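Subject: A structure for you to explore

Hi there,

Here is the structure I promised to pass on to you. Please open it beside this email, and then read on for what turned up in it.

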Amino acid sequence: MVDKTRRKPLIAGNWKMNGSADMARELVDALLGHLPIGSVEIMVIPPFPYLAQIRSRIAGNQLLLGAQNVSMHAGGAFTGEVSAGMLADVGVAGVLVGHSERRELCGEDDAQVAAKFEAVRRAGLKPVLCIGETLQQRDAGMAESRVGEQLDAVLERCGIEAFAGAAIAYEPVWAIGTGRVASASQAQQIHSFVRTRLANHDATIAGLVRILYGGSMKPENASSLLACPDIDGGLIGGASLNAGHFLEIASAAARA
Ligand code: PEP
């Protein structure tokens with residue numbers, strides 16, 4: 001397994017459906033005033049309407065721009081959808097695919113998530129593949145098998161090569177927005193399982209792919225999670241809406 005120090009930490013802030021033009025300006029300016037933070041890559045993932053506005057503020061800076069969702073289609077009669085090419089056009093670098101809220105609330109299944117992953121790759125952007133088990137699945141001892149299924153759907157459609165440059169976010173559904181966080185050992189166990197599953201296909205790619213933890217990550221718990229050998233950063237929801245908290249998590253990643 002490749003040494004963790006070869007993977008730059010990535011701290012990504014998923015604003016979900018929160019914010020306003022004013023909030024976007026204030027939050028991004030507050031972050032820009034503190035960058036860089038070691039070698040940590042920092043990505044903000046606002047709602048679609050604020051992407052272009054934020055892009056013009058961060059031009060030439062080290063902040064990366066992400067999107068929360070994408071269409072699996074390249075274009076055409078899909079009212080209300082946004083293609084990966086359009087996201088590339090407005091300066092997006094990375095795209096979440098398969099966030100649990102989209103799986104649960106919008107009925108996205110593993111096959112659709114894999115198609116979105118492929119669309120993002122085709123546009124030359126970085127997919128951030130979100131995977132994770134529900135509480136019911138964890139209690140039934142199925143955490144690894146569910147995460148394995150979600151990963152395999154993308155491996156089967158896109159191949160292991162598609163993971164070069166991609167990131168994976170392990171987000172136990174029971175920890176998202178609940179204030180309940182996975183323990184460092186629970187998270188490390190699944191991260192290691194994910195890396196091993198990728199290594200069965202290609203050990204080099206597996207050693208370099210960044211696996212982020214997501215699920216109520218906060219300044220208070222970030223250091224212990226980020227110290228784990230297979231945790232390479234975080235996908236942060238609630239705490240990313242507060243610049244100070246988000247920066248504290250990024251600083252914990254720099255120290256890890
Ligand atoms: C998320 O939205 O991906 C997330 C992890 O949210 P929170 O940090 O609020 O649990």
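Let's begin with sulfur: Cys106 has its closest cysteine sulfur in Cys130, 13 Å away, and that is too far for a bond. For Cys158, the nearest cysteine sulfur is again that of Cys130, at 15 Å, and Cys158 is in no disulfide. A disulfide is a covalent bond between the sulfur atoms of two cysteines. The search counted a pair of cysteine sulfur atoms as a disulfide when they were within 2.5 Å, and over the whole structure it found 0. Cys106 is partly exposed because its relative accessibility is 45%; buried means under 20% relative accessible area, exposed means over 50%, and partly exposed is in between, using a 1.4 Å probe and protein chains only.

Before we go further, please note that this is a predicted model, where local features need pLDDT of at least 70 and side-chain atom pairs count only at pLDDT 80 or more, while totals for chains, interfaces and linings use all residues. Residues are numbered from 1 along each chain as its sequence is written, and side-chain values use heavy atoms, with hydrogens and water left out.

**Loops and strands**

Helices (H or I, at least four residues) and strands (E, at least two) are DSSP runs, numbered from the N terminus. Have a look at the loop between helix 1 (21-32) and strand 2 (41-45), where you will find His34. What does the side chain of His34 reach? It is the backbone oxygen of Ala30, at 3.0 Å. That fits the cut-off for a polar contact, a pair of N or O atoms within 3.5 Å; within protein, one must be able to donate a hydrogen and the other to accept it, and residues adjacent in sequence count only if both atoms are side-chain atoms. Pro36 is in that loop between helix 1 and strand 2 too, and the peptide bond leading to Pro36 from Leu35 is cis, with omega near 0°.

Strand 2 and strand 3 run parallel and are joined by 3 bridges; two strands pair if DSSP finds at least two bridges between them. One of the partnerships to look for is Ile42 with Leu63 in strand 3. Strand 3 (residues 63-67) is mostly covered, with 4 of its 5 residues buried.

Further along the chain, Ala182 sits in the loop between strand 6 (167-170) and helix 8 (184-199). Is Ala182 buried or exposed? It is buried, because its relative accessible area is 2%. Ser216, in the loop between strand 7 (210-214) and helix 10 (219-226), is buried with a relative accessible area of 9%. Ala182 and Ser216 are 34 residues apart in sequence, and their C-alpha atoms are 8.5 Å apart in space. Ser216 also has a positive phi of about 55°, although it is not a glycine. Lys16, in the loop between strand 1 (10-14) and helix 1, has a positive phi of about 55° and is not a glycine either.

**Empty spaces**

Rolling a probe the size of a water molecule over the atoms shows where empty space is left. On a 1 Å grid over the protein atoms alone, a cavity is a set of points where a 1.4 Å probe fits but cannot get out, while a pocket is an open set with protein on both sides within 12 Å along at least five of seven lines; lining residues have an atom within 4 Å of a point.

Lys16 comes up again here: with Met17, Gln68, Asn69 and Arg102, it lies nearest the centre of the largest pocket, which is lined by 14 residues. Which element gives the most to that lining? Helix 4 (residues 100-105) does, with 3 residues.

The second largest pocket is also lined by 14 residues, and Lys4, Arg7, Pro9, Ala253 and Ala256 are the closest to its centre.

As for the largest cavity, its lining includes Gly98, His99, Cys130 and Glu171. Helix 4 and strand 5 (126-131) are the elements that give two or more residues to the lining of this cavity.

Enjoy exploring, and write back with any questions!

Best wishes
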